[in-house]
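Here are some short exercises to work through with the model open beside you. Try each task before you read its solution.

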Amino acid sequence: MYLEKLYAETEVIRKRNGSDSQDQEQLRNKLATALGSFEALDGTQPALDPVLLESTDLGDVIRERVEYSSADGLRVPAYVLIPKKHGNGPFPAVLAWHGHGYGSREVVGLLPDGSEDTGALGIHRHFALELCRRGMIVIAPEIVGFGDRKLTWDTEQNPDTPNSCFPIAAALLLAGKTIAGLRGYEAIRSADYLTTRTDVDASRIGCMGLSGGGMVASLSAALDQRIQAAVICGYSNTYKRSILSRRHCLDNYIPGILLHAEMPELIGLIAPRALFIESGISDPLFPIDATEVTIERVSGIYASMGVQERFISDLFEGRHEISGRRSFDWLAERLSAGGRAISS
């Protein structure tokens with residue numbers, strides 16, 4: 001009862017402060033403040049210093065493993081998939097964000113040990129490969145806390161622990177930062193890395209993510225206007241009906257954000273750039289009724305800007321998973337040279 005009352009009070013505060021009508025830049029600044037800053041105290045950030053770790057020819061795709069710097073002392077390993085049958089580039093590029101699971105290998109067609117995954121497709125559907133085969137360079141960074149980026153003591157003392165989200169998030173909160181903010185910051189640094197590649201067209205960058213990766217995609221696209229088209233899978237909802245209605249990973253919680261906006265308004269910060277929301281109608285983590293509410297509210301934001309055609313959604317027969325039945329081709333078309341993703 002108390003928690004329900006507390007949420008109701010945030011609604012009153014948002015309405016009193018005119019949060020529904022505040023301009024995008026004002027809300028974007030509030031979101032950035034709530035997430036926390038990850039630049040050095042002097043406002044600088046380290047050089048990317050990218051290195052190529054390995055390269056594998058898959059026939060129709062070149063799969064690279066690279067590494068670059070994000071915040072001071074942090075290195076981000078990532079897979080980069082390069083199409084071989086779509087000319088010489090420069091190509092449009094997509095940031096591919098995995099959800100909770102075993103990390104970036106899950107979206108590029110590999111098993112946890114790095115061997116090729118030839119079995120049945122999981123909830124991620126190897127979507128980075130699917131996008132690359134449509135003529136885009138795709139980078140799949142290892143999100144901090146997963147895969148090769150689990151904490152050492154988790155790897156050594158708790159090998160069955162699927163991720164290190166909780167201890168990293170807790171440490172960041174004590175320092176006035178958030179793991180959502182760190183992941184969003186590293187997404188921006190990953191876009192920085194893409195712009196250094198001569199085979200990437202820096203004016204045609206998109207992103208796609210599932211679940212926790214959908215959160216990274218939505219927050220980074222809201223903050224980084226270089227991202228011209230975004231696909232959010234299995235995440236778009238309301239905090240009230242999803243994040244606050246059950247036990248979720250600590251990475252979902254941004255201190256004080258409900259004083260400024262609910263999730264649909266944060267997703268609406270992507271407007272007027274192109275946006276695709278897809279969700280399974282039987283998703284147990286992000287209820288479809290609240291997803292439909294979010295779609296309606298985001299659609300209203302796009303309509304208010306006169307760009308309703310840049311927003312599309314797909315509710316498919318499925319659970320907490322990627323579909324791709326429309327979103328893969330949509331993203332490829334929007335980032336094509338003749339696409340309609342670029343905002344005026």
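Helices (H or I, at least four residues) and strands (E, at least two) are DSSP runs, numbered from the N terminus. The model is predicted, so to speak of a local feature takes pLDDT of at least 70, and side-chain atom pairs count only at pLDDT 80 or more, while totals for chains, interfaces and linings use all residues. Residues are numbered from 1 along each chain as its sequence is written, and side-chain values use heavy atoms, with hydrogens and water left out.

**Exercise 1. Cis peptide bonds**

Task: Find which residue is joined to Pro90 by a cis peptide bond, and locate Pro90 between its flanking strands.

Solution:
- Start with the bond: Gly89 precedes Pro90, and the omega of this cis bond is near 5°.
- Then place the proline: Pro90 sits in the loop that links β3 (75-83) and β4.
- Now look for a second case: Ala271 and Pro272 are also joined by a cis bond, with omega about 10°.
- Pro272 belongs to the loop between α9 (263-267) and β8.
- As background, most residues other than glycine have a negative phi, and most peptide bonds are trans.

**Exercise 2. Positive phi outside glycine**

Task: For Asp49 and Ser211, work out where each lies and how covered each is.

Solution:
- Asp49 has a phi near 45° and lies in the loop between α2 (24-35) and β1.
- Next, sort by cover: buried means under 20% relative accessible area, exposed over 50%, and partly exposed in between (1.4 Å probe, protein chains only).
- Asp49 is partly exposed because its relative accessible area is 49%.
- Ser211 has a phi near 60° and is placed in the loop between β6 and α7 (212-223).
- At 11% relative accessibility, Ser211 counts as buried.

**Exercise 3. A hairpin and its arginine**

Task: Describe how β1 and β2 are joined, then examine Arg63 in β2.

Solution:
- Two strands pair if DSSP finds at least two bridges between them; β1 (residues 51-57) and β2 (residues 61-69) have six, and run antiparallel.
- Leu52 faces Val66 of β2 across this pairing.
- Three residues separate the strands of this hairpin, and Gly59 in the turn has a positive phi of about 100°.
- Arg63 counts as buried, at 5% relative accessibility.
- Its side chain makes a polar contact of 3.1 Å with that of Glu116. A polar contact is a pair of N or O atoms within 3.5 Å; within protein, one must be able to donate a hydrogen and the other to accept it, and residues adjacent in sequence count only if both atoms are side-chain atoms.
- Leaving out residues up to four places away in sequence, Arg63 touches several others (contact means heavy atoms within 4.5 Å), including Glu54, Tyr79 and Leu110.

**Exercise 4. An enclosed helix**

Task: Why is helix α11 (residues 327-334) largely enclosed by the rest of the structure, and which elements do its buried residues pack against?

Solution:
- Six of the eight residues of α11 are buried, so the rest of the structure largely encloses this helix.
- Those residues are Ser327, Phe328, Trp330, Leu331, Ala332 and Arg334.
- Among the elements they pack against are α3 (127-132), β6 (200-210) and β7 (227-233).
- Take β7 next: seven of its seven residues are buried.
- β6 and β7 pair in the parallel sense over six bridges, and Leu210 has Cys233 of β7 as its bridge partner.
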